[in-house]
Amino acid sequence: MAVNQYLGEVLHRFDKVLEDPLEFIQQYKTENRVKVIGWLPADVPEELIHASGAIPFGIIGHSGGYSWADAHLQTWACSLVRGSLGLALQGKLAFLDGLIIPHICDTTRNLGGIWKHVRPLPWMENYLLPRQVDRPSARTYLTGELGRLKARLEQCTGREITARKLQESIALFNQNRVLLRRLWQWHVSHPGVIGNRVIYNIIKSAMVIPREEHNQLLMQLLETLDHMAGGEEVEEGCLRLVLSGKVWDPPEIMNILDKHGAVVMADDFTTGQRYLAGDAAETGDPMEALALRQINRIPFACFPTARYDRRSFLAELAGKNRAHGVLFLHLKYCEPENFDYPDMRAAVESAGFPSLRVETDVGNLSLGQLETRIEAFLEMLRGRGTE
Amino acid sequence: MAELRYRRLQTLNRLPRLMGNHYLAARYLRYVRPVAWITSGAPVEIIRAMGILPVYPENYGALCGSRQAAGTLCQVAEARGYSRELCSYAKCNLGSLAEPRQAPLGGLPRPTVLVACNNICGTVTKWYQALARDLRVPLFLWDTPFSPGELTDGGVAYAAAQLREMVRFLERHTGHKLHQDRLNRVMDKSREASRLWSEIRLLGRHRPSPLNASDLFIAMAPIVVLRGTDQAIDFYRELKAELAGRVAKGEGALPVERYRLVWDNIAIWHKLLRFYGQFLDHRACFVADTYTGGWGTVMEGDDPLTALARTYTGVFLNRGLAYRASQMVELVRDFGAHGFVMHANRSCKPYTLFQYDIRRMVTEQTGVPGLVIEADMADPRSYAEEAVKTRIQAFMETLDG
């Protein structure tokens, strides 16, 4: 089919980038003579980086080099952080003009100092987010912190971030989120057609490919998918899952789910729905708009509210999506997740959703064992569903 | 074991009674006064000034460690779904709620409110959220931003603004009011105790040192738990006088002091004396440590809330790598240390994750060697006794060489 062939070509362009994101971005940097500023998960305001004239580049567990970190971090720091520092130690991130490390947990809080000491980049900043989001003081402080980051970015790129420029960047990133959400909706209403791995790869590629280009690719993709939509073949017998965790890596997990006929209906990953949900206002003070978007993001272990709405959020997500079960993908050694887990499990199970928790490592994972556990869980869900 | 013995500080004999009274008071006074469970870095001055009884789950974790109860309580918490990887203080506390019969003192008296400050770690925020859910008790999180470099005005202003929110929170949930004159009085007492505590720690500079880190770890309970009270001041005055007496007589904590070492991280509570005893065999005294200095900062400034905000935001655990390394370098130099020992504490990421680089930086800047040993502050399951012993032996041999 011509449509399918064209679809394959568009999807290939997303995939190609993720085969070697570092190679892709360095080539882009050389060809376009732009500055590239890296960021670590989660919640770094890419709009600000973009408005400063630089390209934001997400360092999101491009695996390899974990043992390089051994001299600087205990083995019981998570693989996401160890892997990122490992890349830097191998000199693979030397092309970056700058780096923003957000303070989201005790490991990221310490990482900045170590990184700056062992592999200093020309420009490095911590993004010191407020850890409480309930009280009025959080918003005032966050607006100030964004202002500090903005001034530092202006020093880095030598370009002033005017309100207008920032509004344009916000509009561009909003457009990206709107397109990604449309794509997600398509995936949810046509389960199993393009697959979990593909959809999550596309979200991840947004953190790598410059946003103007990513938006173009998404529009082409959506247009192609709309042509296909006539078919509307909703696959029977697929298992609907809700996933929860910080990141969805290693990517092979999505292949496992694809292989066993499970479709991800919703999640709360910082590299999933938390990344694409919610837009910033395009009118009014753009700095306030960024602060407000941050404060109102979907629940996250690292900045919970006093109402602990994460558990009800997750249970409602499972209910709304008529999920057969909930799969927790927890980065091994992730303290915020480890503390939330007993409560989250109780919440989804008391709402009637069976759950499985697997501990993940963004690389170096024993995939066979993981597949066996996930497969057993899916079989159990399937058995329940047909009862 | 060698026949060498520490010289026991007489003042420390007062501690069981002093701390026992604290726990007893909380147990009975809770019927007439509100109780707050608070973190070791929380602004207890405000809590006390409002007539609220402060109780410290972290101190309780240390107590569980010393009484060899931590392993069991951690397992209780783990059976309820909390990961083996989580902080052992948190698990002692959460475990004691689930199985009070297995918990020292039967657990802690139930709180009216919870107050957590993240200046020491993010762990306490997650721990206290779990408590708030389990106990259905309101929680106030005092968010003191991390300082990679110098403290920023924005960070201090944010911390101070939240203290005003905290007072309103406490007033709402306890019905008690904050009176400025009472706050000033408590802060004066807190300053006095912190000043005495700093002076006591500085006595370790004498040769021989009149104190060993194990003394500081035993003696620190009142500066954490009774800060802002007369009892803390009385206790530290007496302790200081006893130590000054030792200095005057040229008497050290060890009968013979050959090596002077600096300790980094929280104590290994479950092996406290036995662990330090291994250094006694080598006539090595821990003349200083980084941890107990966390309560020696004296609050400055006219506006009490800003003074509290600046002091609590600026504690060493809330500071970046450069600050932490320079603190260690200063201790090595000021106390004339021959080496340093770092406890890679499985429970404590913010304290531990900098250590490998700090070790190299301190050795480069001072020329003295450092040792990293793996253990846990309360949970004995993360402690490989023989491996630690071998590493200590090898390290002491390099000093001998």
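B:Pro208 sits in the loop that joins helix 8 (180-202) to helix 9 (213-219) of chain B. The peptide bond leading into this proline, from B:Arg207, is cis, with omega near -5 degrees. This is a predicted model. The points below cover cis bonds, positive phi angles, helix 13 of chain A, one helix pair and one buried strand residue.

**Cis peptide bonds**
- Most peptide bonds are trans.
- Chain B departs from this at B:Arg207 to B:Pro208, where the bond is cis.
- In chain A, the bond from A:Pro41 to A:Ala42 is cis, with omega near 5 degrees.
- A:Ala42 belongs to the loop between strand 1 (36-39) and helix 3 (46-51) of chain A.

**Positive phi in chain A loops**
- Most residues other than glycine have a negative phi.
- A:Asp43 is not a glycine, yet its phi is positive, at about 75 degrees.
- The loop between strand 1 and helix 3 of chain A holds A:Asp43.
- A:Asp43 has 6% relative accessibility, so it counts as buried.
- A:Tyr333 also has a positive phi of about 75 degrees without being a glycine.
- Its loop runs between strand 7 and helix 14 of chain A.
- With 19% relative accessibility, A:Tyr333 falls under the 20% cut-off and therefore counts as buried.
- A:Arg322 takes a positive phi of about 45 degrees, just after helix 13 of chain A.
- A:Arg322 lies in the loop between helix 13 and strand 7 of chain A.
- A:Arg322 is exposed, because its relative accessible area of 58% is over 50%.
- The C-alpha atoms of A:Arg322 and A:Met265 are 8.9 Å apart, although 57 residues separate them along the chain.

**Helix 13 of chain A**
- Helix 13 spans residues 309-320, which is 12 residues.
- From first C-alpha to last, helix 13 reaches 16 Å, close to the 16 Å expected at 1.5 Å a residue.
- Its buried residues are A:Arg310, A:Leu314, A:Ala315, A:Leu317 and A:Ala318.
- Viewed down the axis of helix 13, these buried residues fall within an arc of 155 degrees, so they line one face of the helix.
- A:Glu316 and A:Lys320 are exposed on the other side of helix 13.
- The buried residues of helix 13 pack against three strands and a helix of chain A: strand 5 (239-245), strand 6 (262-267), strand 7 (325-331) and helix 14 (335-350).

**Helices 8 and 9 of chain A**
- Helix 8 (residues 196-206) packs on helix 9 (residues 211-228) at about 155 degrees, with axes 10 Å apart.
- That angle makes helix 8 of chain A roughly antiparallel to helix 9 of chain A.
- Helix 8 contributes A:Ile202, A:Ser205 and A:Ala206 to the contact.
- Helix 9 contributes A:Arg211, A:His214, A:Leu218 and A:Leu221.
- By class, the contact has 4 nonpolar, 2 polar and 1 charged residues.

**A:Val36 in strand 1**
- A:Val36 is part of strand 1 of chain A.
- A:Val36 is buried, with a relative accessible area of 0%.
- Beyond its neighbours within four places in sequence, A:Val36 is in contact with A:Ile25, A:Lys29, A:Ile55, A:Phe57, A:Phe95, A:Leu96, A:Asp97 and A:Gly98.
- A:Leu99 is 63 residues from A:Val36 in sequence, and their C-alpha atoms are 8.7 Å apart in space.

Technical notes
Residues are numbered from 1 along each chain as its sequence is written. Chains are lettered from A and ligands numbered from 1 in the order in which they are written. This is a predicted model: local features need pLDDT of at least 70, side-chain atom pairs count only at pLDDT 80 or more; totals for chains, interfaces and linings use all residues. Side-chain values use heavy atoms; hydrogens and water are left out. Helices (H or I, at least four residues) and strands (E, at least two) are DSSP runs, numbered from the N terminus. The expected span of a helix is 1.5 Å times one less than its number of residues. Buried means under 20% relative accessible area, exposed over 50%, partly exposed in between (1.4 Å probe, protein chains only). The arc is that of the directions from the helix axis to the C-beta atoms. Contact means heavy atoms within 4.5 Å. Axes are lines fitted to C-alpha atoms, for helices over the stretch in contact, and angles run from 0 to 180 degrees between N-to-C directions. Angles under 35 degrees count as roughly parallel, over 145 as roughly antiparallel, 65 to 115 as roughly perpendicular and the rest as oblique. Ala, Val, Leu, Ile, Met, Phe, Trp, Tyr, Cys and Pro count as nonpolar, Asp, Glu, Lys and Arg as charged, and the others, Gly among them, as polar.
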